Amino acid sequence: MLLIMSAQLFFAFMNLSVKILNSLDEPVPTLELIAVRMAITFTCCVIPDPFLGPKGVRLLLVSRGLCGFFGLFGMYYSLKYLSLADATVLTFLNPLTTALAGYLILKEAYSKREAAAAVCSLLGVILIARPPFLFGVNAHGNDSVVNATPMERLRAVGVALVGVCVGTLAVISLRAIGKRAHPLHSMTFFSLWCVIVSSTAMIVLEVPVVYPRKWSWGGMLLFIGFCGFLAQTMITTALQRETAARSAMGAYLQVIFAGLLEYAFFGTVPSLLSLVGAGIIVVAAVWVVVTLEEGRGLLQGRDSGIGSDSDSDLEVAAESFKS
């Protein structure tokens with residue numbers, strides 16, 4: 001959970017940089033951003049057999065790479081026409097879909113407590129983002145407004161939702177791989193397929209390459225790659241050790257980081273609803289972590305006094321923890 005929470009900070013910095021590059025007079029194309037970021041990630045991934053991966057998980061690695069590309073594209077594209085908060089809130093539909101997919105596909109445990117915490121956290125995200133169709137067009141007050149037509153915003157939301165759905169399969173692929181492959185194998189396939197697909201799409205769609213006109217632009221592109229690599233390393237390592245449901249819960253903290261960065265760089269002052277939403281997210285995340293620790297404590301407590309009946313007592317403890 002600590003790895004997942006730390007990764008959200010780097011994801012928030014990465015998305016902020018993408019937002020700034022999208023606001024230039026000549027915005028950097030989404031496909032170019034993905035190609036540059038993933039080329040940096042691929043360069044940082046030094047591991048044996050990077051192109052094929054270990055036997056037995058190669059199809060899963062390909063699935064992780066392709067699905068991860070569309071999930072990333074949905075986020076980057078939506079940042080063109082949506083505010084950072086609005087784009088972030090759409091990605092937080094992913095924890096709900098990921099937890100449900102983990103339960104249905106991987107048969108992972110998904111308790112009522114986790115479901116309740118996920119719904120509460122989603123409520124917190126909605127209070128922070130305050131989408132106009134629920135709170136009205138003036139809900140953000142002094143928040144930064146993105147100049148986009150209703151059709152562009154609708155298209156951005158649609159692309160983001162497709163990215164959420166396909167990105168869910170990427171997370172499920174990571175969970176299915178587990179520890180059968182090194183985390184860098186997953187990142188290598190992810191970055192490689194992103195570079196291949198984005199570069200091919202730019203050629204086919206004749207998307208022009210925007211070259212940095214200032215050193216700060218180039219530095220921001222490198223910063224996106226650096227943050228993306230660190231965040232992806234942390235999240236990939238964490239997903240090998242934690243269930244999809246609990247991993248998805250930690251991702252809700254990104255919306256808090258996004259709000260803080262919007263205030264620091266765009267002067268957006270958090271409203272009372274934003275503070276309430278942030279509090280709900282933190283409480284829900286802490287609740288999930290405490291629940292996990294209580295379950296582990298139950299198992300350890302049973303184990304400390306079991307004597308010769310260790311196997312049966314551990315089974316009882318496990319069943320109690322599951323219930």
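**Exercise 1. Determine which residues form one aromatic cluster, and classify the pairs F69–F70 and F73–Y77.**

Solution. F69, F70, F73 and Y77 form one aromatic cluster. The model is predicted: local features need pLDDT of at least 70, side-chain atom pairs count only at pLDDT 80 or more, and totals for chains, interfaces and linings use all residues. Residues are numbered from 1 along each chain as its sequence is written, and side-chain values use heavy atoms, with hydrogens and water left out.

Step 1. Rings of Phe, Tyr and Trp (its six-membered ring) pair if their centres lie within 6.5 Å; planes under 30 degrees apart are stacked, over 60 edge-to-face, and the rest tilted. This rule yields four aromatic pairs.

Step 2. The ring centres of F69 and F70 are 5.1 Å apart and the planes meet at 75°, so this pair is edge-to-face.

Step 3. For F73 and Y77, the centres are 5.9 Å apart with 20° between the planes, and the pair is stacked. Both residues belong to helix α3 (residues 58-81), four residues apart, about one turn of the helix. Such a helix is a DSSP run (H or I, at least four residues), numbered from the N terminus.

**Exercise 2. Assign F69, F70, F73 and Y77 to burial classes.**

Solution. Buried means under 20% relative accessible area, exposed over 50%, and partly exposed in between (1.4 Å probe, protein chains only).

Step 1. F69 has 4% relative accessibility and is therefore buried, whereas F70, with 42%, is partly exposed.

Step 2. F73 is partly exposed at 22%, while Y77, at 14%, is buried.

Key
Helix = DSSP H or I, 4+ residues; strand = E, 2+ residues; numbered from the N terminus.
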